[in-house]
Amino acid sequence: MSEYPDDSHYRELRARLPELFVNPSGAAVEILVDPAEVAAAERAKATALRARGLPAEWGRTGVVYQDEWVTLLRDPVRFPDGGLGTYIRSVSVGGAPGVVLLPLLDGAVVLVEHFRHATRRWHLEAPRGFGEPGVPAEEQAARELREEIGAIDARLVDLGVLNPDTGTSTDEVRLFLAEVRTVGEPEEREGIRAVRLCRPTEVGELIRDGVINDSFTIAAWSRAFLRGLLDEAPGPGD
């Protein structure tokens, strides 16, 4: 069993994926490399933690946790005021963005009722899935449509990239509008209990009223609406 934080794995990640550790010109939060500065950052964080009655070991930098889905790093950093400390983030080390699909069937938006373990509740949302290294986003999109709503032969319209949480994660997802000809039964094995067809205006109303609160769905619908790709998208004041 690996012991965390893992400093050796952290150094390996820095060497293999330097783009995750770059300090661009004018960076407000600088990732530290010099061993003396790294040690000083850890001491500063440990002192702050002790003052709050929290474990000092939470100030250690490196790979904090990793499995096949999640990699958490705690970086040694210099903050804008010059102070030293640490900053935790989730990083994507596979290099493959996830995909989010906004399917359209005869002008209606196809959504799924999906049970999500993290929130312990059902959500009305667009189909989506993790990316896989070596699998093009378009191929992954087609796979998710087939697995979640039984749709095949979709025409994809690229809606661009979304960073779902710029504060804590390096993750990216590709958004697509997907024009489909048919939909099948929901994929119960994935925790989907129903497929729902909604007018584009109805989706906008559900977003407005907080019924749809999945950020990926909101982003995909908004991107498609702003590009004029939804025939029944609501006008101002609707």
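**Aromatic rings, group meeting**

Okay, let's start with Phe-225: at 30% relative accessibility, this residue counts as partly exposed. Keep in mind that we're looking at a predicted model.

So who is Phe-225 paired with, and is the pair stacked or edge-to-face? We'll get there in a moment. Let me show you the whole set of pairs before that. Searching the whole structure turns up five aromatic pairs. One of them is Tyr-10 with Phe-21, and that one is edge-to-face, with 5.4 Å centre to centre and 85 degrees between the planes. Tyr-10 sits in helix H1, residues 7-16, while Phe-21 is in the loop between H1 and strand S1, which covers 30-31. They're 11 residues apart, and the pair links distant parts of the chain. Buried or exposed, these two? Tyr-10 is buried, and Phe-21 is buried as well.

Now back to Phe-225. Its partner is Trp-221, and this aromatic pair is stacked: 5.1 Å centre to centre, with 25 degrees between the planes. Where are they in the chain? Both belong to helix H5, residues 215-226, and because they're four residues apart there, about one helical turn separates them. Trp-221 has a relative accessible area of 7%, so it's buried, since the cut-off for that is under 20%. Phe-225, as I said, is partly exposed at 30%.

Last bit: charges over rings. Remember Phe-21? Arg-89 lies over the face of that ring, 5.2 Å from the ring centre. And over the face of Trp-122 you'll find Arg-193, at 4.1 Å from the ring centre.

That's my tour, thanks!

Terms used. Residues numbered from 1 in each chain as written. Predicted model: local features only at pLDDT ≥ 70, side-chain atom pairs only at ≥ 80, totals over all residues. Heavy atoms only, no water. Phe/Tyr/Trp six-rings, centres within 6.5 Å; stacked < 30°, edge-to-face > 60°. Helix = DSSP H or I, 4+ residues; strand = E, 2+ residues; numbered from the N terminus. Buried < 20%, exposed > 50% of the residue type's maximum accessible area, 1.4 Å probe, protein only. Lys NZ or Arg CZ within 6 Å of the ring centre and 35° of its normal.
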